[in-house]
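Let's take a friendly walk through this fold, starting with a sheet and moving on to a pair of helices. Have your viewer ready as you read.

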Amino acid sequence: MTTIKEIAAKSGFSPATVSRLLSNDPRLSVTSETKSKILRVANELGYFKKNSNKINNLKPEIAVLYRVNGNEQLQDEYFSFLRDAIRKVAIEKEIKLTLFTEVDELIKQASLFQGFLGVGTAELNYKELKRLHNVLPSGVFIDINPAPQLFDSVQPNLELTVQDAVKKLIAQGYTNLGYIGAESFTLDHQPQRDIREITFTEFCKTQGIKKTEVFAKGIVSVKNGYQLAKEVVKKLGRNLPDAFIIASDTLSVGVLQYFNEVGIRVPKDTAIISINNSEVAKYISPPLTSYNIDQTALSKLAISVLLMRITNSDLPKVHVTMNTNLIIRKSFN
């Protein structure tokens, strides 16, 4: 079993300092660099594998890489609420957080931190993430998964969410279903089919739904939702599906704006089930039935995964999904 003396000898710090740090002595005052080095050496020597009870007591210093586009208020609000949820959980666990909005700045200060949490969908490229991994390999992305070969991730289970939505619509007797969504993008910014669209198309086949309509392109924005709704009406007129599953509340706002303009009544003419359960879902007309993503639970899970990674870097990369729950409002009931 790895001893405190062995960690002290390899890290270059006194056994007393190492012992107090690993025991989370609140009176101990050391620099971030000292904490990082001791934890790294303890990890390398396998200390936490034999002392797993120590993991949840650790108080690492964590960076938050917060990347939002700044040009879509509703989408950015989702990540803003997620950032605030992370802060609340960190306060409860007495973990110090530092916010960064640029990858380069975090790379420069990487030695001050034992790990990071990634939030937001603003553009990142593989080269940047590889540089970050070289200096700060312990990282967990929340709600997104830009580089699964480099970092861990915690995300809502969107496949199961769409499957559940299809089942609920079928249970209500709906046999003609539609999907409205955006594309996802690779790290080199190439568009690709989103997992929600793929799940909708394939799962409807397995459930015997013979007629489906799919409108999926562009980014997640109110403007794109409005444009996609316009394309729906242009193609289908008033012969709409019984219900639409819409990939996010942000898109749903745009869809409802256009439907209201042209006199399409929701849920009478077509029902809507959305995803995210953002604040706006309660206040638009009609209020959205939407799948809730528990951001506090996501944050707690992400921090737990990060602690595991900080104390056991040899583990294979972990990608965890969390279920959602449907909040019923007037767009579908």
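In this predicted model, six strands make up an open sheet, and following them across gives the order β9-β6-β10-β11-β12-β14, with mixed pairing. The edges belong to β9 (211-216) and β14 (325-327); each has a single partner strand, so one side of each is left without a neighbour in the sheet. As you step from one strand to the next, the twist averages 20°.

Now look at the edge where β9 sits. Strand β6 (residues 176-181) runs parallel to β9, and six bridges join the two. If you would like a landmark in this pairing, find Y179, which stands opposite V214 in β9. Helix α10 (residues 222-236) packs on the sheet here, touching β6, β9 and β10 (243-246). The direction of α10 makes about 140° with that of β9.

Next comes the helix pair. Two packed helices are described by the angle between their axes and the distance between the axes. For helix α8 (residues 158-171) and helix α9 (residues 195-206), the axes come within 9 Å and cross at roughly 40°. That angle lies between the 35 degrees below which helices count as roughly parallel and the 65 degrees where roughly perpendicular begins, so α8 and α9 are oblique to each other. Their crossing is right-handed.

Which residues make the contact? From α8 come L158, E159, V162, Q163, V166 and K167, and they meet I195, R196, T199, F200, F203 and C204 of α9. Sorted by character, the residues of this contact comprise seven nonpolar, two polar and three charged.

Definitions and conventions. Residues numbered from 1 in each chain as written. Predicted model: local features only at pLDDT ≥ 70, side-chain atom pairs only at ≥ 80, totals over all residues. Heavy atoms only, no water. Pairing = 2+ DSSP bridges. Helix = DSSP H or I, 4+ residues; strand = E, 2+ residues; numbered from the N terminus. Axes fitted to C-alpha atoms, helices over the stretch in contact; angles between N-to-C directions. Contact = heavy atoms within 4.5 Å. Parallel < 35°, antiparallel > 145°, perpendicular 65-115°, else oblique. Left-handed = near helix turned anticlockwise from the far one by under 90°. Nonpolar A, V, L, I, M, F, W, Y, C, P; charged D, E, K, R; others polar.
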